[in-house]
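Got your viewer open? Load the model below, and let's walk through it one selection at a time.

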Amino acid sequence: MTGRSFSRVGVVGLGTMGAGIAEVLARGGLSVVGIEVDRDALERGREHLETSTGRAVKRGRLTEEARREILGRVALSVDFADLGGCDLVVEAVPERLDLKRKVFDQLDRVCRDDAVLATNTSSLPVTDIAAGTGRPAKVVGVHFFNPAPVMKLVEVIATVRTEPDAVARVAELVKGLGKTPVTIGDRAGFVANRLLFGYLNQAAGMLESGHATRDDIDTAMKTGAGLPMGPFALMDLIGLDTCLQVLDAIYAESRDRRHAASPLLRELVTAGLLGRKTGRGFYVHDGAEAPAPAAEAPGGPPPVVGVVGVGPLADAIAALCDRAGSRVRASAAELAGCDLVIEAAEDAEAGRALLSTAAQAVKPGTVLAVTSADGTVIRQAMATGRPADVIGLHLPDPAATATAAPLAEIAATVATAPDVADRAADLAGRLGLTAVRCRDRAGFIVDALRFPYLNDAAAMLGAGYADADSIDAAMTLGCGYPTGPIADLDRLGLDRAVTVLRALHTETRDPALAPDPLLVEHVTAGRPLR
Ligand code: 3HC
């Protein structure tokens with residue numbers, strides 16, 4: 001049996017999440033009672049279960065016999081009375097407090113007194129749901145991640161009223177299902193959504209402002225930050241209505257404007273374009289349009305590249321050119337033959353002087369690239385005397401230049417000639433880089449999206465809501481991030497985080513983008529977070 005003292009578990013609501021949870025429980029060997037409001041909804045729930053397990057059989061992950069056994073463990077019904085024999089019921093109905101309260105009222109009446117009642121809410125306070133029942137001590141949150149059969153994290157939420165034994169039993173059940181429980185208190189967004197949704201909303205704002213395209217933002221976060229999906233593909237997976245509900249709930253608690261839902265997101269939801277489940281959201285999901293298609297590598301010989309400035313970045317760029325079979329020129333006399341000249345000085349003043357000198361030496365048509373990504377490309381460009389030829393070029397992870405097709409972000413200023421930005425993207429492609437385009441704003445795409453998220457994680461740690469291990473587990477196991485934010489901060493460098501955040505704060509004056517005091521303190525002390 002999976003989990004001490006739970007053997008028969010009810011699931012109320014068999015939408016995407018409820019059906020996924022029922023599957024996980026049945027796979028764990030438990031008897032499951034799945035409840036829906038009517039026969040049609042029940043039929044859709046059955047289809048969810050059959051499709052998902054059928055997919056596992058097709059992939060050779062499950063035998064047909066095991067699939068039959070799993071489906072045989074799930075009894076489907078439209079009658080709440082069938083939950084009478086359950087020792088745990090998980091509610092997964094739509095995110096409306098009135099609806100959830102109504103469901104819990106019914107559960108309270110039909111379930112045994114000692115049964116634990118759990119909600120899979122992603123945005124409503126568990127405390128509010130518990131308060132409407134006659135057994136708040138036996139009400140917990142169990143927050144699964146989409147797709148439930150795949151994602152390993154389950155947040156277990158204890159309210160101030162929940163008895164420790166109920167929490168411990170649910171956490172044990174989660175472990176028995178092969179998942180990792182992270183037990184936390186009842187705050188809007190819990191750990192993972194609180195850290196995820198500021199980032200998703202900011203990405204929507206970036207798109208709306210015209211900073212970059214949907215595909216470039218998705219590609220940047222996958223290629224430049226190693227995420228399994230870009231923000232728009234992920235929002236379409238989660239469901240845009242759910243995204244909006246989660247953002248509204250977090251905003252109501254935090255009053256942090258980064259959680260004030262982007263008007264674009266709200267508009268899509270009002271239009272009924274909810275993502276994968278309705279066939280269209282940020283993407284069209286009819287098989288014709290795949291999220292963020294990989295750009296075709298541009299053809300042509302490797303370009304001749306001039307690198308001015310010395311230091312680790314200049315070395316990384318030279319190594320990258322070497323790998324692409326590109327000839328590198330460093331002396332002023334040789335710059336005339338270059339297709340691209342990259343300023344890679346460690347010091348901005350020195351870089352400006354070097355690029356201005358280089359601008360006099362190069363042939364017409366040479367692209368001049370500035371590597372600072374703090375929203376000041378335009379200043380460097382003006383200093384060259386030929387701003388139409390200047391773009392910003394940022395490699396979010398220069399140390400990763402040994403990996404296949406690392407990301408190059410190319411920023412055009414208001415003065416950059418349109419064909420110059422096109423040529424820069426083509427040259428980057430010929431250097432084996434994955435090029436994305438954006439405007440000249442602090443952090444370009446990747447850093448502008450990841451450092452505020454990392455700052456939020458530091459703030460969460462500093463506020464004592466969750467420890468470093470729980471925060472990292474939430475993002476790696478709940479959202480498939482390659483590493484958690486606390487580990488990321490130490491890897492990327494706390495001083496770099498503070499520098500980027502200060503640039504973002506200076507540009508936007510958004511108080512939430514000021515570096516968290518914990519980061520500043522660690523930088524001053526010269527100590528990593530762990
Ligand atoms: N249902 C069941 N299984 C699925 C699935 C689904 N919808 N989608 C994928 N899978 C399984 C596949 O069968 C495959 O399993 P296998 O290796 O045993 O054959 C495995 O997942 C990998 O699938 P694919 O190879 O098809 O696809 P990817 O490698 O691209 O992975 C992904 C897909 C697992 C969805 C990955 O892109 C990912 O981790 N994305 C991030 C998802 C995420 O962040 N989820 C959390 C969202 S926030 C949330 O849910 C909270 C809520 O409150 C809003």
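**Stop 1: a hidden cysteine**

Start by selecting Cys 321, which is buried, with a relative accessible area of 0%. Buried means under 20% relative accessible area, exposed means over 50%, and partly exposed is in between, using a 1.4 Å probe and protein chains only. Before you go on, know that this is a predicted model: local features need pLDDT of at least 70, side-chain atom pairs count only at pLDDT 80 or more, and totals for chains, interfaces and linings use all residues. Residues are numbered from 1 along each chain as its sequence is written, and side-chain values use heavy atoms, with hydrogens and water left out.

Keep Cys 321 on screen and add Cys 338. That residue holds the cysteine sulfur closest to the one in Cys 321, but the gap is 9.7 Å, too far for a bond. A disulfide is a pair of cysteine sulfur atoms within 2.5 Å.

Now jump to Cys 479, which is also counted as buried, at 10% relative accessibility. Its closest cysteine sulfur belongs to Cys 243, 11 Å away and again too far for a bond. How many disulfides does a search of the whole structure find? Zero.

**Stop 2: zoom out**

Show the protein chain as a cartoon and you can look for 20 helices and 15 strands. These are DSSP runs numbered from the N terminus: helices are H or I with at least four residues, and strands are E with at least two. The radius of gyration is 26 Å, close to the 24 Å that the globule rule gives for 530 residues, so the chain is as compact as a globular protein of that length. That radius is taken over C-alpha atoms, and the rule is 2.2 Å times the number of residues to the power 0.38.

Along the principal axes, the C-alpha atoms fill a box of roughly 85 × 50 × 40 Å. Of the 530 residues, 55% are buried. Take the contacts with a separation of 6 or more: 70% of them are between residues 24 or more positions apart. Contact here means heavy atoms within 4.5 Å.

**Stop 3: two valines in strands**

Select Val 32 in strand 2 (residues 31–35). Val 32 is buried, with a relative accessible area of 1%. Next, pick Ala 75: it sits 43 residues away along the chain, yet the two C-alpha atoms are separated by 6.2 Å. Leaving out residues up to four places away in sequence, Val 32 touches several others, including Val 9, Val 11, Leu 25 and Val 74.

Now move to Val 142, in strand 6. Is Val 142 buried or exposed? It counts as buried, at 4% relative accessibility. Add Ile 157, which is 15 residues along the chain from Val 142, with 6.3 Å between their C-alpha atoms. Among the residues that Val 142 touches, not counting those up to four places away in sequence, are Val 90, Ala 118, Val 154 and Val 170.

**Stop 4: backbone oddities**

Most residues other than glycine have a negative phi, and most peptide bonds are trans. Let's visit some exceptions.

Select Asn 146 and Pro 147: a cis peptide bond joins them, with omega about 0 degrees. Pro 147 is in the loop between strand 6 (139–144) and strand 7 (153–158).

Then go to Arg 255, in the loop between helix 10 (240–254) and helix 11 (263–270). Arg 255 is not a glycine, but its phi is positive, at about 55 degrees. It counts as exposed, at 57% relative accessibility.

Arg 509 has a positive phi as well, near 60 degrees. Find Arg 509 in the loop between helix 19 (494–508) and helix 20 (517–525). Arg 509 is exposed, with a relative accessible area of 56%.

**Stop 5: measure across the model**

Pick Pro 482, in the loop between helix 17 (468–479) and helix 18 (485–492). It counts as exposed, at 52% relative accessibility. Setting aside neighbours within four places in sequence, Pro 482 is in contact with Ala 225, Gly 226, Leu 227 and Thr 476. Draw a line from Pro 482 to Ala 130: they are 352 residues apart in sequence and 35 Å apart in space, C-alpha to C-alpha.

Finish at Gly 29, in the loop between helix 1 (16–27) and strand 2. Gly 29 counts as partly exposed, at 45% relative accessibility. Which distance separates the C-alpha atoms of Gly 29 and Arg 323? It is 52 Å, with the two positions 294 residues apart in sequence terms.
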